[in-house]
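The following exercises concern the interface between two chains. Please work through each task before reading its solution.

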There are 2 protein chains.
Amino acid sequence: MAQSNPPFMSGVPELLLLRLLDQSEMYGYELVRSIKTATGEAISLGEGVIYPVLHSLERNGALKSRRKAVGGRTRVYYSLTAKGRQRLDKLRNEWHRVQGGVASALAAGGHA
Amino acid sequence: MAQSNPPFMSGVPELLLLRLLDQSEMYGYELVRSIKTATGEAISLGEGVIYPVLHSLERNGALKSRRKAVGGRTRVYYSLTAKGRQRLDKLRNEWHRVQGGVASALAAGGHA
DNA sequence: GCAGGATACCTCGAACTAAAAGGTATTACA
DNA sequence: TGTAATACCTTTTAGTTCGAGGTATCCTGC
């Protein structure tokens with residue numbers, strides 16, 4: 001039956017998106033740049049990552065969107081729903097768990 | 001030509017393996033359990049993950065192995081080469097970068 | 001007036017990783 | 001004798017992320 005859990009360390013893009021959108025409403029193109037700056041250039045996610053995640057989060061009811069015309073162009077602004085805030089908490093905890101686990105493993109026994 | 005870089009956050013299994021093997025020689029089946037305990041149960045990787053990584057690291061010259069018969073069963077012990085130590089350093093740095101990036105993003109602006 | 005770059009949206013295909021399950025063989029123990 | 005644990009391994013499947021491509025508008029410089 002091969003019913004596979006998601007990779008133990010995925011969902012970081014999702015976590016970052018939710019985190020940023022929790023602070024303020026944003027649109028996709030903006031998020032692409034925000035992720036870069038918010039992570040101090042450490043992480044850079046392309047549009048091919050951002051948009052699909054945005055759409056799937058909206059389908060799941062974690063995000064809601066509204067279109068806004070700005071200077072002739074249309075932007076789609078996303079913001080968190082209650083469900084999205086729950087999801088954010090969950091992913092944040094997941095992350096801390098994993099991050100802590102790796103830290104333990106790296107720390108153990110000083111280093112030779 | 002669609003020449004894709006590895007996902008920005010992969011190589012954690014590899015990092016853990018190298019880290020443990022840097023501390024002491026170990027065999028595959030043992031590593032499966034060690035990863036679990038070393039990460040405080042936070043991360044659990046099956047044999048289907050461990051063995052392929054071990055083999056590919058050996059092919060790349062990052063690990064060397066020796067067979068040892070223990071009580072009728074054969075164990076394959078792996079240990080780091082100089083190249084493996086370099087690889088470990090590199091992955092450790094990568095991890096710190098990414099981990100730091102996520103931390104920045106999560107910390108920014110306190111929270112609401 | 002038009003070329004080029006930035007803004008803004010989106011999707012598809014390929015690549016890669018990791019998960020789960022299955023396969024072999026030996027030892028230990030009940 | 002049969003079941004669980006040890007120890008190795010591979011193959012199949014699933015899931016994520018990457019890169020590139022595609023459309024359209026706006027602004028700037030020439």
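**Exercise 1: Polar pairs across the interface**

Determine how many residue pairs are in polar contact across the interface of chain B and chain A. Solution: the rule finds eight such pairs, both residues being at pLDDT 80 or more; a polar contact is a pair of N or O atoms within 3.5 Å, where within protein one must be able to donate a hydrogen and the other to accept it, and residues adjacent in sequence count only if both atoms are side-chain atoms. The count of salt bridges between the chains is zero (a side-chain nitrogen of Lys or Arg within 4 Å of a carboxyl oxygen of Asp or Glu).

This is a predicted model, in which local features need pLDDT of at least 70 and side-chain atom pairs count only at pLDDT 80 or more, while totals for chains, interfaces and linings use all residues. Residues are numbered from 1 along each chain as its sequence is written, and side-chain values use heavy atoms, with hydrogens and water left out.

**Exercise 2: Extent of the interface**

State the area buried between chain B and chain A. Solution: about 2,500 Å² is buried, 70% of it from carbon and sulfur atoms (accessible area, 1.4 Å probe, that two parts lose on being put together, summed over both). Next, B:Phe8, B:Arg19 and B:Leu106 supply 24% of the area that chain B buries against chain A, more than any other three residues. Finally, each chain brings 30 residues to the contact (heavy atoms within 4.5 Å).

Key. Chains are lettered from A and ligands numbered from 1 in the order in which they are written.
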